[in-house]
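Subject: Handing over a structure, with notes on its empty spaces and surface

Dear colleague,

Please find below the structure that I promised to pass on to you. Once you have had a look at it, read on for what was found in it.

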Amino acid sequence: MKFSSYYNNLGINAFAISSVLKEARFLTIPQIALILPVVAHRQMVKKLADGRFRFVSFEQYLIDNIEFFYNFNERYFASLVPTVNALQFLNEMGVLQLKGGGAVIASDLPFDASMGKRAERVKRASPNIAALVSGNAEVFYLNARIEL
C-alpha cells in the first residue's frame, strides 16, 4: 500500500463530515456525498480555509475556481464508498443521527492539534464547505458535471 493511500482514511473522512455537518446543522445525503470530493482536493480546502476568503454563492465559487472542478466527477465516485463508511462509523459512534433523508450531529467530535495540520485545515474550512454544499444539490451536481 502506497503512503498516499493513507491520505484519505476513515479518520479524516469522519472528522471532515462531522465538522461540516456541525456547521450546516442538517444536510441531506446527496449534500453529504459532496463533502469528501471537496476535502480530497488540497487547493479547494486551502482556499476555503483561508481566513480572507468569503463565500458568496456556489455559482460564484465555481466561476472563480473552475479549475477545482475539472475532475470532480471522478472524485465524487471515488468518495462514495468512503462517505458511506464514514457515515456508518459516525452513526455507530453516536456522533450523528440519520433522519429525514439526511443527518444531524448528535454529539460533537472535538478537534485536537494531535490530529494534524490537514484536520486543522479541514476544521477551518468547514464553515465554507458547509456553505458550499448546503445549497441546492441538483444545481451543484449539474454544474460540477457529476454524471448520475
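Before we come to the residues around the open and closed spaces, one definition is needed: Ala, Val, Leu, Ile, Met, Phe, Trp, Tyr, Cys and Pro count as nonpolar, Asp, Glu, Lys and Arg count as charged, and the others, with Gly among them, count as polar. Please also keep in mind throughout that this is a predicted model.

Let me begin with the second largest pocket, which has a volume of about 150 Å³. Its lining is made by N8, N13, L36, A40, E74, R75, A78, S79 and P82, and under the definition above these residues divide into 4 nonpolar, 3 polar and 2 charged. If you ask which element gives the largest share of this lining, it is helix 6, with 5 residues.

One of the lining residues of that pocket, N8, deserves a closer look. N8 lies in the segment before helix 1, which covers residues 10–24. Is N8 buried, partly exposed or exposed? With a relative accessible area of 35%, N8 is partly exposed, because that word is used for values between the 20% under which a residue is buried and the 50% over which a residue is exposed. The C-alpha atom of N8 is separated by 20 Å from that of N128, and these two residues are 120 residues apart along the chain.

Next come the enclosed spaces. Rolling a probe the size of a water molecule over the atoms shows where empty space is left. The structure holds 1 cavity of 30 Å³ or more, and the volume of the largest cavity is about 30 Å³. Around the largest cavity you will find Y7, V39, R42, V45, K46, R118 and R121, which divide into 3 nonpolar and 4 charged residues, with no polar ones. Helix 4 (42–49) and helix 7 (117–133) each supply at least two residues of this lining, and the largest share, 3 residues, comes from helix 4.

Finally, on the surface, L10, F89 and M93 make a nonpolar patch of about 280 Å². Of these, M93 is found in the loop between helix 6 (72–92) and strand 2 (96–99), and its relative accessible area of 55% means that M93 is exposed, since the word applies to values over 50%.

With best wishes,
A colleague

How values were computed:
Residues numbered from 1 in each chain as written. Predicted model: local features only at pLDDT ≥ 70, side-chain atom pairs only at ≥ 80, totals over all residues. Heavy atoms only, no water. 1 Å grid on protein atoms, 1.4 Å probe; cavity = no way out; pocket = protein on both sides within 12 Å on 5 of 7 lines; lining within 4 Å. Points joined across faces, edges and corners; volume = space filled by probe spheres on them. Helix = DSSP H or I, 4+ residues; strand = E, 2+ residues; numbered from the N terminus. Patch = residues over 30% accessible without salt bridge, like charges linked within 9 Å, V, L, I, M, F, W, Y side chains within 5 Å. Areas by Shrake-Rupley, 256 points an atom, 1.4 Å probe, with all protein chains shown as cover. Salt bridge = Lys/Arg side-chain N within 4 Å of Asp/Glu carboxyl O. Buried < 20%, exposed > 50% of the residue type's maximum accessible area, 1.4 Å probe, protein only.
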